[in-house]
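Please look through the structure below with the following explanation at hand, which goes from the chains as wholes to single strands, rings and side chains.

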Amino acid sequence: MSDRYRRSMTRQGTRLRAAGRLTIAQFRDQKVRLSLAVVGVTLAVLAITLLAGAGVGVLETGEQQFQTADRDLWVTSGDTRLTTAGGGGFENTLYDSRNLSAEMESHDGVALAAPLAFETVYVSTDGSDDFRTFVGTGIPGGGSSIQVTDGDALEGDPYYANGTYGGEMTREVLLDAETARSLDVSVGDTVHIGGSLAAARENEFTVVGISPTFERMLGTPTVTMPLSELHQVTGNTRTEPATFLAITVEDDARIETVKRELTEEYPEYEIRSNQEQLEAVLQEQVVLLAAGGTLVAVAIGAGVALTFSLLSLVIYQQRPTFAALTVQGVSPPLLLMTVIGQGLCIGLLGGGLGIVLTPPAVVALNRLATAVVGFDGLIQTAPWIYALALAIAMGIGSVAAVVAGWRVSQTPPLEVLS
Amino acid sequence: MAGSVASFDEASSSVVVSATDVSKRYTRGTEPGVLGRLLGRQSPPTVRAVDSASLEVRTEEIVGLAGPSGSGKSTLLHLLAGLERPTDGTVTFRGTDLASLSRRERTRHRLEHIGIVFQQFHLLDSLSARANVALPLVETGVGKRERRRRATDLLERVGLGDRLTHRPRELSGGEQQRVAIARALVTDPALVIADEPTGELDTESGRAILQEFERVAENRAVVLASHDRETLDLCDRLLRLRDGAVVDQPSRGGPRE
């Protein structure tokens, strides 16, 4: 190693240490400015983590719902579309669902095939004209995969008896907590439900339990009842429409094999795995996805812009200091090191604080979302979100500082000092 | 065109810096582009801040620049310090034409050979008096212990031995200017430039600062720009400027003699 190289390295080391001390001194001297810059970067990081977390939450929640439904395959007729009519839910495009499910259940490897329907229904507490619309969910059987937080599960679906609607109606219904609260009812109370106002006036149901399952799945208040009774009160017993057939394969059967065989046997239907079904639902919601994606992009863009402008401002405000140093003969590298040091420190502090504050913010926002719209787990974070936010805070902070520092170093010092 | 020449004619003194027919013109605004010319936009007016001025400054000499505001005193100081390049003429520092140096080289040149004192001190509020003085030495590769020693010595020399760790805002105006003088001297420059060094100070503080400048000039050249009569009385000779040009012959010898 030549003496010249060694001297150069020593000088760079001295500069680096001096830049570090200068950075710390500037921060110590300008606590308010530093604090405001850190708060700004923290907000930028929170905007990124929370909005990106909302996007992830939608996907994760959807996936979890399909996973926890304890089904392996989903059968639909054509696309799975969210209906724009009434209170929400999916369009019911799969007709004669009872016979179809019975046929599929007889196929090798299929343990259970159950139709699932969503219809808009009118609900009232006393059968008067004060009706409100909700999504009515029809399930066959007691629904062992339905989570009940208060009261009991549904008994079953005895009204549909051997191909007829000759059994006895249970007149039982599950509500989600938000629906129960909005109707001011609890377990044991009665409500009127029907596909038309006339049908609702005539059909009284007893609230037997509180269940969040379908409210979480649909993101909207729901009433859950036996499938045949939903078809009855909505006048659909003739066509027996459903949104899905949910299939559970036998323990010793391979899901892919059963799927392939069913697809060959029923080419007119779409048969998908949990993941494929989620993707199919989401693909139909291009506008929704585009809006969500735009939101995340805007969040990241806003975070980048906010961080950039804050750091630029912090550096710009120190122009007289840097100009005085330049006049004294202090070189641009020392000034740039100081500036980069400030960018890194503000990015690290703001980014770190934003990441530390993200989990409690997620909890608070999720509670708020649950209370307001009843949607649980709206925001879910992932390690890559934290990494992205910190990288933006530190990376953009440093880049902004370098750009601002370079511009300041290019400004004739006398312009600033005179 | 040869301008007025002001020289200190003493064979034993070596010339530190000289300006020969230097002019500095500034353009107010930008030159019009093609479209601007088509639209009839005129070239912006130019202002001649310094007009064919010449002078030589030698070691142990204090030269004062006098004149009303806008007469070109500060611009001439900046040209001598290498902060600006002349539009015409040459500024030579110990035989080197400053216009031949790159920007980086001129920055290095100022660090090693020129100390600058401003009217408004321009100290870093975030650093102590000693750290302010020691900072330029970082660039020269001087070790930390030596930097502290030199800064302490200089602050003691200017009477601030008990203010080493004070921040600028904890010091009076006169004390801050003495810190600025110590900072200007820390690299042991051959030329000290001072622009209105007593302009922000009361009479008593100003006198104390002038005494410092007398000491400063013991082994180096000093160029002061000032409106203040008492400050100018300190100088070995004076150049009076008006509208950028030197309008008065130098006075030989001054109160120091």
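**A guided reading of the two chains**

Of the 418 residues that make up chain A, 50% count as buried. The model is a predicted one, and the values given here are to be read with that in mind. In chain A the secondary structure consists of 14 helices and ten strands. When contacts between residues at least 6 apart in the sequence of chain A are considered, 78% of them join residues at least 24 apart. The accessible surface of chain A comes to about 19,000 Å², and 57% of that surface belongs to carbon and sulfur atoms.

Chain B has 257 residues, of which 55% are buried, and its secondary structure comes to eight helices and eleven strands. Among contacts in chain B between residues at least 6 apart in sequence, those that join residues at least 24 apart make up 72%. For chain B the accessible surface is about 11,700 Å², with 44% of it belonging to carbon and sulfur atoms.

Within chain A, a useful place to begin is strand β9, which comprises residues 244-249. How many of the residues of β9(A) are buried? Six of the six are, so the strand is largely enclosed by the rest of the structure. The burial can be followed on both faces, since A:F244, A:A246 and A:T248 are buried on one side, while A:L245, A:I247 and A:V249 are buried on the other.

The strands that pair with β9(A) can be traced residue by residue. Strand β1 of chain A, residues 73-76, pairs with β9(A) in the antiparallel sense over three bridges, and within this pairing A:L73 has A:I247 as its bridge partner. Strand β2 of chain A, which covers residues 110-124, also runs antiparallel to β9(A) and is joined to it by six bridges. Here the bridge partner of A:A114 in β9(A) is A:A246. The two bridge partners named in β9(A) thus lie on opposite faces of the strand, because A:A246 belongs to one buried side and A:I247 to the other.

The aromatic side chains offer another route through the model. A pair of aromatic rings is described by the distance of the centres and the angle of the planes. Over all chains, the search finds four aromatic pairs. In one of these, the ring centres of A:W74 and A:F244 are 5.1 Å apart and the ring planes stand at 75°, an angle over 60 degrees, so the pair is classed as edge-to-face. This pair links distant parts of the chain, with A:W74 in β1(A) and A:F244 in β9(A), 170 residues apart. Both side chains lie under the 20% cut-off for burial: A:W74 is buried at 1% relative accessibility, and A:F244 is buried at 0%. Ring pairs also bring A:F118 and A:F214 together with A:W74 and A:F244 in a cluster.

The rings of A:Y266 and A:Y269 form a further pair, with centres 6.4 Å apart and planes at 55°, so this pair counts as tilted. A:Y266 is buried at 6% relative accessibility, and A:Y269 is likewise buried, with a relative accessible area of 16%.

Rings in chain A also have charged side chains placed over them. The charged end of A:R319 sits over the ring of A:Y316, at 4.2 Å from its centre, and A:R171 lies over the face of A:F205, at 5.7 Å from the ring centre.

What of the cysteines? The structure holds zero disulfides over all chains. Among the cysteines, A:C345 is partly exposed, with a relative accessible area of 31%, whereas B:C235 counts as buried at 3%.

Two histidines complete the reading in chain B. Where does B:H78 lie? This histidine is in helix α2 of chain B, residues 73-81, and it is buried, with a relative accessible area of 16%. Not counting residues up to four places away in sequence, B:H78 touches B:L83, B:E84 and B:D195, as well as A:L414 of the other chain. B:H109 is found in helix α3 of chain B, residues 103-113, and counts as buried at 8% relative accessibility. Leaving aside neighbours within four places in sequence, B:H109 is in contact with B:A81, B:F93, B:L98, B:L101 and B:I114.

Notes
Residues are numbered from 1 along each chain as its sequence is written. Chains are lettered from A and ligands numbered from 1 in the order in which they are written. This is a predicted model: local features need pLDDT of at least 70, side-chain atom pairs count only at pLDDT 80 or more; totals for chains, interfaces and linings use all residues. Side-chain values use heavy atoms; hydrogens and water are left out. Helices (H or I, at least four residues) and strands (E, at least two) are DSSP runs, numbered from the N terminus. Buried means under 20% relative accessible area, exposed over 50%, partly exposed in between (1.4 Å probe, protein chains only). Contact means heavy atoms within 4.5 Å. Accessible areas come from the Shrake-Rupley method with a 1.4 Å probe; for residues, only the protein chains shown count as cover. A disulfide is a pair of cysteine sulfur atoms within 2.5 Å. Rings of Phe, Tyr and Trp (its six-membered ring) pair if their centres lie within 6.5 Å; planes under 30 degrees apart count as stacked, over 60 as edge-to-face and the rest as tilted. A charge sits over a ring if NZ of Lys or CZ of Arg is within 6 Å of the ring centre and within 35 degrees of the ring normal. Two strands pair if DSSP finds at least two bridges between them.
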